[in-house]
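Trainee: Please take a close look at the backbone of this model, at the places where its torsion angles call for comment. Start from the overall fold, so that each place can be located.

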Amino acid sequence: MAVLNILSYPDPRLRTIAAPVKQVDDNIKTLITDMIETMYDAEGIGLAASQVDEHLQLIVMDLSENKDTPMVFINPKVTPLVEEKQPYEEGCLSVPEVYDKVERPNKVRIEALDENGDAIDQEAEGLLAVCIQHEMDHLNGVIFVDYLSNLKQNRARDKVKKVLKIREKNLEKQAQPSNV
């Protein structure tokens with residue numbers, strides 16, 4: 001198991017369209033395990049393979065309180081079941097510390113394969129519906145900030161740069177030997 005590097009906005013690799021998974025084999029299962037570990041390490045609730053620079057139609061999620069119920073969606077297809085959209089405050093592991101409202105259908109149908117290659121066909125509402133649409137966007141090269149105004153996109157870009165600089169400095173401090 002390994003914690004993978006998460007690409008940060010505005011990295012152009014986040015715009016890559018994901019290809020279908022041809023076969024659920026050991027390589028895919030290892031990627032699933034690594035993605036789940038990465039999602040938990042980053043304290044997220046969802047992660048698309050595109051975010052870890054693997055451009056395959058693969059999503060992992062865990063919406064449980066105890067973070068012990070991971071879900072896997074391979075080659076997902078999402079169909080809105082309602083016309084009206086509801087705003088939901090979203091964040092993204094690729095856009096750290098940026099949150100804003102995005103309007104999406106609150107009820108969808110999810111068709112996909114699970115980690116064993118078995119078919120999933122379920123209706124989803126609320127957080128699961130929002131999260132699967134957010135992660136599906138990643139597979140299509142779309143980031144949630146794309147739904148925001150140009151001004152908010154620029155602010156998000158600047159904030160991400162600042163957050164990444166702070167993280168880098170903290171890592172450098174941790175790497176320095178202490179004078180004890």
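Mentor: The chain in this predicted model has 3 helices and 7 strands. Read from the N terminus, the order of elements is α-β-β-β-β-β-β-β-α-α. A helix therefore opens the series, the strands follow it, and two helices close it.

On overall dimensions, the radius of gyration is 17 Å, which agrees with the value near 16 Å that a compact globule of 180 residues would have. Along the principal axes, the C-alpha atoms occupy a box of roughly 60 × 40 × 30 Å. Of the 180 residues, 41% are buried. Taking contacts between residues at least 6 apart in sequence, 65% join residues at least 24 apart.

The surface and the charges can be put briefly. The accessible surface is about 10400 Å², and carbon and sulfur atoms account for 47% of that area. There are 21 positive and 32 negative side chains, with 9 Å between the centres of the two sets.

Now the backbone itself. Most residues other than glycine have a negative phi, and most peptide bonds are trans. Three places in this chain deserve a look against that background.

One is the peptide bond from tyrosine 9 to proline 10, which is cis, with omega near 10°. Proline 10 belongs to the segment before α1, the helix that spans 26-41.

Another is glutamate 43, a residue other than glycine whose phi is positive, near 60°. Glutamate 43 sits in the loop between α1 and β1, where β1 covers 46-48. Its relative accessibility is 71%, so glutamate 43 counts as exposed, the cut-off for that class being over 50%.

The remaining place is aspartate 53, again a residue other than glycine with a positive phi, here near 65°. Aspartate 53 lies in the loop between β1 and β2, the latter being 58-61. Because its relative accessibility is 31%, aspartate 53 counts as partly exposed; that class runs between the 20% limit for buried and the 50% limit for exposed.

Set side by side, the two positive phi values fall in loops on either side of β1: glutamate 43 in the loop between α1 and β1, and aspartate 53 in the loop between β1 and β2. The cis bond leads into proline 10, in the segment before α1.

Methods:
Residues numbered from 1 in each chain as written. Predicted model: local features only at pLDDT ≥ 70, side-chain atom pairs only at ≥ 80, totals over all residues. Heavy atoms only, no water. Helix = DSSP H or I, 4+ residues; strand = E, 2+ residues; numbered from the N terminus. Rg over C-alpha atoms; globule rule 2.2 N^0.38 Å. Buried < 20%, exposed > 50% of the residue type's maximum accessible area, 1.4 Å probe, protein only. Contact = heavy atoms within 4.5 Å. Areas by Shrake-Rupley, 256 points an atom, 1.4 Å probe, with all protein chains shown as cover. Lys, Arg positive; Asp, Glu negative; His and termini not counted. Charge placed at Lys NZ, Arg CZ, Asp CG, Glu CD.
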